[in-house]
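Please open the model in your viewer, switch to a cartoon drawing, and keep the selection panel at hand. The stops below suggest what to select next and what to look for there.

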Amino acid sequence: MRPPLKRVDFRPGDKVEVCSKEEGFLGSYYEATILSRLETGRYVVRYKTLLRDDAVSEPLTETLFPRDIRPSPPKVYSRGEFSLYQAVDAFDNDGWWSGEITGRLGPHHYYVYFRTTNEEIAYPSNKIRVHHEWVNGDWILSQREQPQPQPLQNQQQQLGQQFN
């Protein structure tokens with residue numbers, strides 16, 4: 001039997017992330033702030049990085065169902081070091097995209113592979129965060145996450161491989 005889903009009631013001012021349902025953006029998350037909760041149970045949010053489509057450069061606001069919103073994930077201190085094949089999120093195109101580390105480029109850049117687009121892109125470590133899943137109202141490390149990740153440099157030395 002599956003455990004009951006935890007209900008999360010957001011309040012105005014709460015920092016959240018919104019899942020995109022648009023083609024080409026599926027699986028990406030965008031930072032937003034809760035503005036209000038409507039009597040219908042839906043929430044009005046204001047995006048941090050997305051702007052309105054019209055000529056006015058104001059943040060986009062949108063009314064969403066609770067299932068499209070999650071709290072901001074926990075901050076995990078990584079010292080800017082990630083492990084080979086570690087599940088991560090990379091900040092790109094104004095949102096967070098789920099991928100995995102596939103290599104290192106210099107001391108502060110990593111290659112991230114995205115299964116949804118079959119692309120591998122290099123990012124500075126300050127644009128990468130440890131990936132978490134929002135499951136039944138709790139944050140958990142991704143199943144792909146290694147319990148005690150080693151720095152990529154150590155793994156490369158052990159494998160006798162170099163990533164450029």
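With the whole protein selected and coloured by burial, you are looking at 164 residues, of which 34% count as buried. Please keep in mind throughout the tour that this is a predicted model. If you now switch on the surface, the protein exposes about 10,700 Å², and carbon and sulfur atoms supply 49% of that area.

Go back to the cartoon and colour it by secondary structure, where you will find one helix and twelve strands. Following the chain along its sequence, you pass the strands and then reach the helix, in the pattern β-β-β-β-β-β-β-β-β-β-β-β-α. If you consider the contacts whose partners have a separation of 6 or more, 47% of them are between residues 24 or more positions apart.

The next stops concern charged side chains. Side chains of opposite charge can pair when their charged atoms come close. In this structure there are seven salt bridges, and several of them are worth selecting in turn.

Select K21 and D68 first, and show their side chains as sticks: they form a salt bridge in which the closest N and O atoms are 3.0 Å apart. K21 sits in the loop between β1 (15-19) and β2 (29-37), while D68 sits in the loop between β4 (59-64) and β5 (69-71), so this pair ties together parts that are 47 residues apart in sequence. Is each partner buried or exposed? K21 is exposed, with a relative accessible area of 56%, whereas D68 is buried, with a relative accessible area of 9%.

Now select K48 together with E31, another salt bridge, whose closest N and O atoms are 3.4 Å apart. Here K48 belongs to strand β3 (residues 43-51) and E31 to strand β2, so the pair ties together parts that are 17 residues apart in sequence. K48 counts as exposed, at 63% relative accessibility.

Move on to R115 and E100, which form a salt bridge with their closest N and O atoms 3.0 Å apart. This pair links distant parts of the chain, since R115 is in the loop between β8 (109-114) and β9 (119-124) and E100 is in strand β7 (residues 95-104), 15 residues apart. R115 counts as exposed at 57% relative accessibility, while E100 counts as buried at 10%.

To finish with the charged groups, select E17, R70, D89 and R129 together, and you will have before you a network in which these residues are linked by salt bridges.

Next, return to strand β3 and select L51, which has its place there. L51 is partly exposed, with a relative accessible area of 47%. Which residues does L51 touch, once its neighbours within four places in sequence are left aside? It is in contact with S57, E58, P59 and L60. If your viewer has a distance tool, try it on the C-alpha atoms of L51 and D94, which are separated by 10.0 Å although the two residues are 43 residues apart along the chain.

For the last stop, select H132 in strand β11 (residues 132-135). H132 is buried, with a relative accessible area of 6%, and a polar atom of its side chain lies 3.5 Å from the backbone oxygen of V130. Showing both residues as sticks will let you find the side chain of H132 and the backbone oxygen of V130 in one view.

Key
Residues numbered from 1 in each chain as written. Predicted model: local features only at pLDDT ≥ 70, side-chain atom pairs only at ≥ 80, totals over all residues. Heavy atoms only, no water. Helix = DSSP H or I, 4+ residues; strand = E, 2+ residues; numbered from the N terminus. Buried < 20%, exposed > 50% of the residue type's maximum accessible area, 1.4 Å probe, protein only. Contact = heavy atoms within 4.5 Å. Areas by Shrake-Rupley, 256 points an atom, 1.4 Å probe, with all protein chains shown as cover. Salt bridge = Lys/Arg side-chain N within 4 Å of Asp/Glu carboxyl O. Polar contact = N/O pair within 3.5 Å; in protein donor to acceptor, adjacent residues only side chain to side chain.
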